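Colleague: I should like to learn how to read the features of a structural model. May we go through them in turn?

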Amino acid sequence: MEKKRHALRKLLEAVEHELLKKPNRKTLDRLSLVAGFQDWDSFQDALHGESGEAVYGGHKEHKKETS
């Protein structure tokens with residue numbers, strides 16, 4: 001599961017930074033399906049949890065605020 005998450009994260013980074021800058025919701029939903037999630041929201045919940053904290057290797061980290 002961790003490998004899928006890492007691969008999807010790298011793919012999303014490439015899409016965001018190289019191709020689209022800001023992928024639309026439909027694209028994010030489709031990429032989430034490839035990783036085995038129902039939609040983008042399900043992927044985000046699995047990645048960050050419902051509290052908004054990212055979980056990496058068993059350690060919780062707060063999401064970084066962007067300005």
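Modeller: Let us begin with a salt bridge, defined as a side-chain nitrogen of Lys or Arg within 4 Å of a carboxyl oxygen of Asp or Glu. Here K10 pairs with E13 in this way, and their closest N and O atoms are 3.9 Å apart. Please keep in mind that this is a predicted model, in which local features need pLDDT of at least 70 and side-chain atom pairs count only at pLDDT 80 or more, while totals for chains, interfaces and linings use all residues. Residues are numbered from 1 along each chain as its sequence is written, and side-chain values use heavy atoms, with hydrogens and water left out.

Colleague: Where do K10 and E13 lie?

Modeller: Helices (H or I, at least four residues) and strands (E, at least two) are DSSP runs, numbered from the N terminus. K10 and E13 both belong to helix α1, where they are 3 residues apart, about one turn of the helix.

Colleague: Are K10 and E13 buried or exposed?

Modeller: Buried means under 20% relative accessible area and exposed means over 50%, with partly exposed in between (1.4 Å probe, protein chains only). K10 is partly exposed because its relative accessible area is 47%. E13 is also partly exposed, at 32%.

Colleague: How many salt bridges are there by this rule?

Modeller: The count comes to 4 salt bridges. One of them joins the side chains of R5 and E2, with an N to O distance of 3.9 Å. Both R5 and E2 lie in α1, 3 residues apart, about one turn of the helix. R5 counts as buried because its relative accessibility is 14%, whereas E2 is partly exposed at 48%.

Colleague: Which residue forms a salt bridge with R25?

Modeller: The partner of R25 is D41, and the closest N and O atoms are 2.8 Å apart. R25 lies in helix α2 and D41 in helix α3, so this pair ties together parts that are 16 residues apart in sequence. Both residues are partly exposed: R25 has a relative accessible area of 41%, and D41 one of 40%. Salt bridges with shared partners join R25, D29 and D41 into one network.

Colleague: How do α2 and α3 pack?

Modeller: Helix packing is described with axes, which are lines fitted to C-alpha atoms, for helices over the stretch in contact; angles run from 0 to 180 degrees between N-to-C directions. The axes of α2 and α3 are 8 Å apart, at an angle of about 60 degrees. Angles under 35 degrees count as roughly parallel, over 145 as roughly antiparallel, 65 to 115 as roughly perpendicular and the rest as oblique. The two helices α2 and α3 are therefore oblique to each other. Where contact means heavy atoms within 4.5 Å, R25, L28, D29 and S32 of α2 meet W40, D41 and F43 of α3.

Colleague: How should aromatic pairs be read?

Modeller: A pair of aromatic rings is described by the distance of the centres and the angle of the planes. Rings of Phe, Tyr and Trp (its six-membered ring) pair if their centres lie within 6.5 Å; planes under 30 degrees apart count as stacked, over 60 as edge-to-face and the rest as tilted. By this rule there are 2 aromatic pairs. F37 and F43 form an edge-to-face pair, 5.4 Å centre to centre, with 75 degrees between the planes. F37 is buried at 11% relative accessibility, and F43 at 3%. W40 and F43 form a tilted pair, 5.4 Å centre to centre, with 35 degrees between the planes. Ring pairs thus link F37, W40 and F43 into a cluster.

Colleague: Which residues make up the largest nonpolar core?

Modeller: In soluble globular proteins, nonpolar side chains tend to be buried together. A nonpolar core is a set of buried Ala, Val, Leu, Ile, Met, Phe, Trp, Tyr and Cys residues joined through side-chain atoms within 4.5 Å. The largest one here has 10 residues: L8, L12, V15, L28, L31, A35, F37, W40, F43 and L47. Two or more of these residues come from each of α1 (2-20), α2 (25-34) and α3 (40-48). Leaving out residues up to four places away in sequence, L31 touches L8, L11, L12 and V15.

Colleague: What is the order of the elements from the N terminus on?

Modeller: The protein has 3 helices and 2 strands, which run α-α-α-β-β. Of its 67 residues, 24% count as buried.
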